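Reader: I'd like to walk through the side-chain contacts in this one. Can you take me through them step by step?

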Amino acid sequence: MTRFLIICSLGFLASGCSRQVQKGPPPAPVVIEAVKKQNVPILLHAVGNVQAFTSVSIKSQVSGQLAKVHFKEGQDVKKGDLLFTLDARPFEAAAKQAQANFDKDMAQALNAHKDAQRAQDLVKKGAIAAQQNDQAVSNAVSENATIRGDQAALDNAKLQLDYASIRSPIDGRAGAILIHEGNLVKANDDSSVLVVINQIRPIYVQFSVPEQNLDEIRGRMKEAPLEVASNPPNEPEHQSHGVLTLVDNAVDETTGTIKLKATFQNENELLWPGEFVNTVLTLAQQPNAITISSKAVQSGQKGEYVYVVKSDSTAEMRSIELSRTEGSIAVIDKGLKAGEKVVVDGQLRVIPGGKVEAKNEPGNGGQTGAL
């Protein structure tokens, strides 16, 4: 009987121990993703400032009273559109006076030419002295000079009259009207700017990058045009695309940066002069790069690492060499191969060597967004 009890006790203990081993920690719930091999752009990020393609401060070239404004603030205008007219009466009167002087002197000049012709005929016949002939010719030449002066004065008077009608020199968007009807304006006076017109189609975005990128940028530009994308802060859906068109001719010694400028067609007018925008310059495409979601990368005392899910559903803590992060994509130099599965969410519950349970279909969840 004693022997039987001992055997039963040993069996009970054995079964209890067996159940205790089977009660190990449950698999950690995680989201996994397959390591990919894909082309990844090499990007430079900067904050840019939008600038008008052309900006013109409209001033009057003559002094006078502003008689009429022919446009509305914020209106699109075309080159040659009438913007302002000054009181033209003083200029019209000056033009009429110049015309009258021209007509009077023209009549005198014609008479002087006839006198010179008659004097030449008479001096040949010996009817008058040569001195009289010379005087007649001199008078004719003098009247010709007077006519040329009158013509210049008439042209200037007509030009002044034309300046009384102020037209747009470019296609663009008119800003606020700075001087209103009835006010006096001075010719070419900085304090008498009538309106500012900005050309916004196309438009510039100016930005700066560290000088160590200069050689690569110049080299890439020789191979092909470099694409630039810009969007207002926190509005990635409003992204515009342009082309790098200017590398400044000197590095800023104070900041150690080089100034760049990109041109955007801006047909949808998403970019506006004066605003600051997030700007991305695409230098090239890195082919066949090993990539994972940036959410998978963890940082430890020995550097970056990820949890790799093995075929037996256990997690391996593996050190990696991170090349760079582009948006939600992490580019890996060493440590991973395409097709391996890594944990992208739930790392806090993972124990190295412990079991994990994927809550998504392998390779379908945790998709990275487009750059």
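Author: Sure, and one term first: buried means under 20% relative accessible area, exposed means over 50%, and partly exposed is what lies in between. Keep in mind that this is a predicted model.

Reader: Let's try that on R318, then. Is R318 buried or exposed?

Author: R318 has a relative accessible area of 19%. The cut-off for buried is under 20%, so R318 counts as buried.

Reader: Which residue does R318 meet in a salt bridge, and how exposed is that partner?

Author: The side chain of R318 meets that of E316, at 3.2 Å from N to O. E316 has a relative accessible area of 28%. That value lies between the 20% and 50% limits, so the partner, E316, is partly exposed.

Reader: How many salt bridges turn up in the whole structure?

Author: As a general point, side chains of opposite charge can pair when their charged atoms come close. The cut-off here is a Lys or Arg side-chain nitrogen within 4 Å of an Asp or Glu carboxyl oxygen. Searching the whole structure that way gives a count of ten.

Reader: How many residues apart in sequence are the parts that D190 and K59 tie together?

Author: D190 forms a salt bridge with K59, with the closest N and O atoms 2.4 Å apart. D190 lies in the loop between β8 (184–185) and β9 (195–210), while K59 lies in the loop between β2 (36–58) and β3. So the pair ties together parts whose separation in sequence is 131 residues.

Reader: And which of those two counts as exposed?

Author: K59 has a relative accessible area of 28%, so K59 is partly exposed. At 60% relative accessibility, the residue that counts as exposed is D190.

Reader: What about K359: which residue does its side chain meet in a salt bridge?

Author: K359 counts as exposed, at 54% relative accessibility. Its partner is partly exposed, with a relative accessible area of 39%. The two side chains meet at 3.8 Å, N to O, and the partner is E357.

Reader: Which residues are linked in a network of salt bridges?

Author: Here the salt bridges link up into a network. Its members are D76, R173, R201 and E269.

Reader: On to the rings. Why is the pair of F71 and F84 called edge-to-face or stacked, whichever it is?

Author: A search of the whole structure finds three aromatic pairs. In this one the ring centres are 5.3 Å apart and the planes stand at 90 degrees. Planes over 60 degrees apart count as edge-to-face, so the pair of F71 and F84 is edge-to-face.

Reader: Where do F71 and F84 lie?

Author: Both residues are buried. F71 lies in the loop between β3 (64–69) and β4 (76–77), and F84 lies in strand β5 (residues 82–86).

Reader: What is the angle between the planes of Y305 and Y307?

Author: Y305 is buried at a relative accessible area of 14%, and Y307 is buried at 7%. They form an edge-to-face aromatic pair, 5.8 Å centre to centre, with an angle between the planes of 85 degrees.

Reader: Last one: which backbone oxygen lies 2.4 Å from a polar atom of the S60 side chain?

Author: S60 is in the loop between β2 and β3, and S60 is buried, with a relative accessible area of 0%. Residues that S60 touches include L86, I166 and V185. The backbone oxygen in question belongs to V62.

Technical notes: Residues numbered from 1 in each chain as written. Predicted model: local features only at pLDDT ≥ 70, side-chain atom pairs only at ≥ 80, totals over all residues. Heavy atoms only, no water. Phe/Tyr/Trp six-rings, centres within 6.5 Å; stacked < 30°, edge-to-face > 60°. Helix = DSSP H or I, 4+ residues; strand = E, 2+ residues; numbered from the N terminus. Buried < 20%, exposed > 50% of the residue type's maximum accessible area, 1.4 Å probe, protein only. Polar contact = N/O pair within 3.5 Å; in protein donor to acceptor, adjacent residues only side chain to side chain. Contact = heavy atoms within 4.5 Å. Lists of a residue's contacts leave out its neighbours within four places in sequence.
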